[in-house]
Amino acid sequence: MAGDGAKAALITMVVAATVVVLTESAVTCKLVVSSLTPCATYLIRGGQIPTKCCNGVKSLYADADTKQDRQMACKCMEQAAKLVPGIKIKFAGELPEKCDVHIPYKITPTFNCSTNHESEADVEAL
């Protein structure tokens, strides 16, 4: 089944994510992967977003409350996306809004995790 392939890829991603050198960030690759694992099928095929996926997106958004946390989450997602074939950037880009999470930037293939992480509060302060 295709779902089993996505799950196997995500398990591989969890193992690979443990190799990442962690900073003092509250967000880890393990947290990112566990939060977004329920989104795998949606990110590949689209369709209805599972409630557990949106719960994970909201939880991750709440946990990533500093620039350092957001950069770590971004880098982890970037690594994970390379390990899970078939993720559609269109679905990834729509996911935050569909889960009622509003981020002040677009998710694109050229997004730079090192520089593009203002929070809504940072943008409002400008």
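User: What makes the buried residues of helix H2 line one face of the helix?

Analyst: In this predicted model, the buried residues of H2 (residues 29–36) are Cys29, Val32, Val33, Ser35 and Leu36. Looking down the axis of H2, those buried residues fall within an arc of 165 degrees, so they line one face.

User: Why is Ser35 called buried?

Analyst: Buried means under 20% relative accessible area. Ser35 has 7%, so the label fits. As for what Ser35 touches, leaving out residues up to four places away in sequence, the list is Cys53, Gly56, Val57 and Leu60.

User: How do you know that Cys29 and Cys76 form a disulfide?

Analyst: The cut-off is a pair of cysteine sulfur atoms within 2.5 Å. The sulfur atoms of Cys29 and Cys76 are 1.9 Å apart, so they count as a disulfide. Cys29 sits in helix H2 and Cys76 in helix H5 (residues 67–83), so the pair links distant parts of the chain, 47 residues apart. Both cysteines, Cys29 and Cys76, are buried.

User: And what makes the disulfide of Cys39 and Cys53 right-handed?

Analyst: The torsion about its S-S bond is about 105 degrees, so the disulfide of Cys39 and Cys53 is right-handed. Cys39 is in the loop between H2 and helix H3 (40–45), while Cys53 is in helix H4 (residues 51–63), so this pair ties together parts that are 14 residues apart in sequence. The S to S distance between Cys39 and Cys53 is 2.0 Å. Cys39 and Cys53 are both buried. By contrast, the link of Cys29 and Cys76, with -80 degrees about the S-S bond, is left-handed.

User: Which way does the link of Cys74 and Cys113 turn, left-handed or right-handed?

Analyst: With -70 degrees about the S-S bond, the link of Cys74 and Cys113 is left-handed. Cys74 is in helix H5 and Cys113 in the loop between H6 and helix H7 (120–125), and this pair links distant parts of the chain, 39 residues apart. Their sulfur atoms are 2.0 Å apart, and both Cys74 and Cys113 are buried.

User: How many disulfides are there in the whole structure, and what is the pairing?

Analyst: A search of the whole structure turns up four disulfides. Number the bonded cysteines in sequence order and the pairing reads 1-6, 2-3, 4-7, 5-8.

User: Why is the contact between Glu94 and Lys90 called a salt bridge?

Analyst: The nitrogen has to be within 4 Å of a carboxyl oxygen. For Glu94 and Lys90 the closest N and O atoms are 3.3 Å apart, so the pair passes. Glu94 and Lys90 are four residues apart in helix H6 (residues 89–98), which separates them by about one helical turn. Residues three or four places apart in an α-helix point the same way, because there are 3.6 residues a turn.

User: Why is Lys90 called exposed, but Glu94 partly exposed?

Analyst: Exposed means over 50% relative accessible area, and partly exposed is the range between that and the 20% limit for buried. Lys90 has 52%, so it is exposed. Glu94 has 25%, so it is partly exposed.

User: What makes Lys90, Glu94 and Lys98 a network?

Analyst: Salt bridges link Lys90, Glu94 and Lys98. Besides the bridge to Lys90, Glu94 meets Lys98 at 3.5 Å, N to O. Glu94 and Lys98 are also four residues apart in helix H6, about one helical turn. The search of the whole structure finds two salt bridges.

Notes
Residues are numbered from 1 along each chain as its sequence is written. This is a predicted model: local features need pLDDT of at least 70, side-chain atom pairs count only at pLDDT 80 or more; totals for chains, interfaces and linings use all residues. Side-chain values use heavy atoms; hydrogens and water are left out. Buried means under 20% relative accessible area, exposed over 50%, partly exposed in between (1.4 Å probe, protein chains only). Helices (H or I, at least four residues) and strands (E, at least two) are DSSP runs, numbered from the N terminus. The arc is that of the directions from the helix axis to the C-beta atoms. A salt bridge is a side-chain nitrogen of Lys or Arg within 4 Å of a carboxyl oxygen of Asp or Glu. Contact means heavy atoms within 4.5 Å.
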